[in-house]
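Q: Hi! Could you walk me through the structure I just pulled up?

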Amino acid sequence: MYEKHLMICGATGCLSSGSQAVEEALIKELKKHKIKDKFRLVMGGCPGFCEVGPIIVVYPDEVFYCRLKPKHMAEVVEKHLLEGEIVEHLLYKGPDTEAPARFFDTIPFYAKQKFNVLRNSGIIDPESIDEYIMRGGYRAFSRALAMEPAEICEEVKSAGLRGRGGAGFSTGLKWEFTLNASGQKKYVVCNADEGDPGAFMDRSILEGDPHAILEGMLICARATGANEGYVYCRAEYPLAIKRLKIAIDKAEEYGLLGEKILGYDFNFKINIKEGAGAFVCGEETALLASIEGKRGMPRPRPPFPAQSGLFGKPTTINNVETLANIPLIVKEGGAAEFASVGTEGSKGTKVFALAGKIRNTGLCEVPMGITVREIIYDVGGGIKGGRKFKAVQAGGPSGGCIPAEQLDLPIDYDSLNKAGAIMGSGGLVVMDERTCMVDLARYFLSFTQKESCGKCTPCREGTKRMLEILNRITEGEGKLKDLDVLDSMAYSIKDSSLCGLGQTCPNPVLSTIRYFRNEYEEHITDKFCRAGVCKPLFNYRIDADKCTGCTVCAKACPVNAISGEKKKPHEINLDLCTNCGNCIEKCRFDSIIIEPVGREADVSN
Amino acid sequence: MSRETEAVMTEQIDITAIEEIIEPYIKKKEMVIPVLQKVQEHFGYLPRPAIEEVSRLMRIPLSRLYGVATFYAQFKMKPRGKYIIRVCKGTACHIQGSPKIAERIEETLGIQSGETTDDLRFTLEEVACIGACALAPVIMINDDPHGRLTPDKIKSILDSYK
Amino acid sequence: MEKFIDHCCEKCTHTKETPCKDFIRCCVEGPICHEDPACVAKRKAIIEKVAINDQFVIC
């Protein structure tokens with residue numbers, strides 16, 4: 001028995017903030033006091049709260065230490081581990097609360113969350129199959145082995161699970177199509193090609209709980225009659241690939257993958273395929289082409305992969321998060337339990353990646369139907385730097401934005417579609433008044449334009465023409481009729497593109513025009529970008545009433561455009577200024593103003 | 001990279017290792033992508049003589065191999081630097097200022113995205129999303145992530161890679 | 001016995017070549033095919049070693 005368990009977040013976010021060095025320091029301290037054997041250290045999955053990483057959670061006390069540095073480890077060991085005294089100053093302290101918080105019960109970030117998919121993340125050692133089994137792992141699969149395939153499909157259907165990869169199609173129905181397709185050889189493919197910029201939940205699940213994916217695939221195989229599986233994972237996720245490989249080896253050793261699994265007439269093996277960097281491969285037919293070793297280009301459907309998929313055989317393709325839900329549904333009584341959470345049309349929970357100008361960046365898992373406001377203000381802690389919320393982009397390059405007026409929109413598949421956004425994979429990028437919506441639309445379109453595979457004309461040529469117009473608008477060369485052209489092109493591309501990439505890529509343009517038309521018009525007629533992003537369309541000026549003459553901005557200016565005496569208001573020489581934005585980032589008195597070009601001439605006249 | 005340097009690099013390619021690298025896949029035409037990944041791992045990029053050798057060994061037309069290699073962003077047809085700088089262009093990084101980070105790196109190294117410095121020290125690339133959005137803006141230099149960047153941190157970071 | 005794949009006694013036959021249908025249940029509940037408090041204790045010991053609290057096992 002160990003006295004305590006220390007879970008160090010070993011996911012990419014915390015590793016980037018230095019959790020490896022923290023772990024090394026901790027081990028050194030434990031060795032110094034010769035108590036290493038009394039404590040169990042696990043470099044495990046992600047507790048989600050990336051903003052305050054590196055994180056260590058001490059069990060069974062459930063104490064949550066954050067923003068750790070190697071130098072803190074001596075204190076943690078000497079005070080907490082040896083004397084049982086909590087190190088107060090390393091606890092999480094919210095901006096609005098007096099006292100520091102301990103774990104889930106008191107940290108607002110966790111208060112509204114419900115852990116289904118992330119149930120094991122940060123609690124078990126992702127490289128241990130035993131710990132997964134102890135937490136109830138592979139129980140659902142054992143149960144599925146004793147069931148008829150059609151029965152399993154029926155249970156998944158009754159749970160109301162919809163695909164978490166984007167479109168939200170009923171998972172049980174998808175399985176049934178493959179089950180009913182004829183053929184001896186069938187495949188299960190796990191789509192782990194998480195390409196939406198701003199989304200990282202699949203990576204976190206793969207890194208924190210890889211066996212859940214294997215179990216999901218096994219159950220899917222049993223339900224559809226498949227005997228071989230592929231995980232198609234981005235090459236940019238080396239840690240996820242490493243953990244998956246370990247999980248597959250262990251499952252083979254335990255007889256959970258291979259032939260005559262657990263004594264049943266059921267064989268299944270899983271291969272890993274690393275993607276090679278093509279966003280379009282997230283589209284299912286392109287993904288299949290890529291596994292087959294071809295250029296990852298989509299093909300028209302029908303035939304759907306359920307009839308003719310990988311190597312021409314019936315194939316079920318599910319996303320990582322979808323598969324991670326499966327063991328919970330197929331366990332005894334799981335389907336009803338799953339369906340008890342969520343809304344009429346969207347059951348269960350959804351993992352969201354919170355990023356952008358929000359205070360608590362990280363991963364959260366919430367029941368479907370929660371409002372945008374709850375996610376942003378309760379879970380996310382509101383906007384960074386106390387600025388004003390402008391919009392949240394849901395669904396990445398295929399999605400749309402939700403403006404401040406719609407903060408009370410419930411988040412489920414149907415409400416999001418109605419608002420012009422999509423659930424997508426679950427990336428939520430929060431924007432404040434310093435984000436330019438025209439630039440955002442341009443950014444997404446330049447992304448999809450680059451990633452367009454070039455097979456069909458509307459997507460290949462149409463995105464290019466739309467991007468040219470948006471570039472023109474952000475450079476101050478736009479015309480009002482451009483907005484109508486953008487609108488009509490967007491619908492033509494949506495209607496006539498071959499695959500999901502083309503059919504959805506105009507969405508960010510359409511939704512920003514729908515909710516922020518005034519910003520487009522301001523760019524076009526007033527030649528003004530009020531967010532201070534489109535460089536030719538604004539000037540900086542120092543507000544003499546607010547400037548304290550602290551000289552911070554002058555020091556930050558790379559071209560020496562700011563001058564002034566100490567403790568006296570400063571001035572910007574616009575002939576030198578390059579609009580780099582260093583000064584406005586650094587100013588602590590809000591004294592730098594964004595204003596239209598040419599305003600200074602009006603003032604001097 | 002000048003023509004001459006490239007010519008020199010091309011001549012120095014020792015393709016004898018390829019047969020061993022791809023031996024397990026030699027009869028599996030669907031394994032083209034993993035094969036190219038292995039070859040690139042070995043050479044750092046995909047030199048033409050290496051692709052020709054793969055074509056000969058696997059009996060796949062050269063045109064098809066080039067078709068696949070040029071489709072995926074991961075495959076590079078030119079030699080790359082000792083350190084690969086990947087600037088994350090994800091949404092979170094974009095709105096937190098990754099364009100300014102990229103600009104500063106370009107100024108500091110005197111190369112554009114997709115290029116390599118003449119001393120083969122750095123190659124600058126863009127990547128769609130590293131998935132470390134909480135630390136935006138982020139760059140990766142080889143396997144090391146650097147997060148919460150501002151343009152003025154760039155120089156000292158680059159200086160630490162010799 | 002340190003891992004679930006290890007056998008509690010010679011009565012256990014689960015390997016990947018000769019699999020047992022009750023393997024997963026056996027891991028967490030103790031042997032299904034025979035009764036032996038010592039074998040149950042062995043399984044339990046594996047869990048107790050890493051269980052962080054009473055709720056660690058959720059089945």
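Here is a short chat about chain B and its contact with chain A.

Q: Before we start, what kind of model is this, and how are things numbered?
A: This is a predicted model, where local features need pLDDT of at least 70, side-chain atom pairs count only at pLDDT 80 or more, and totals for chains, interfaces and linings use all residues. Residues run from 1 along each chain as its sequence is written, chains are lettered from A and ligands numbered from 1 in the order in which they are written, and side-chain values use heavy atoms, leaving out hydrogens and water.

Q: Thanks! How is chain B divided?
A: Chain B has domain 1 (3-71) and domain 2 (83-159), with bounds from an automatic or database domain assignment. Their centres, taken over C-alpha atoms, are 29 Å apart.

Q: How many residues does each chain bring to the contact?
A: Chain B brings 41 residues and chain A 54, with contact meaning heavy atoms within 4.5 Å.

Q: And what area is buried between them?
A: About 3400 Å², with carbon and sulfur atoms giving 55%; that is accessible area (1.4 Å probe) lost on putting the two parts together, summed over both. Phe71(B), Thr91(B) and Ile95(B) supply 19% of what chain B buries against chain A, more than any other three residues.

Q: Switching to charges, how many salt bridges cross the interface?
A: The rule finds 3 between chain B and chain A, each a side-chain nitrogen of Lys or Arg within 4 Å of a carboxyl oxygen of Asp or Glu. Glu126(B) and Lys450(A) form a salt bridge at 3.3 Å, N to O.
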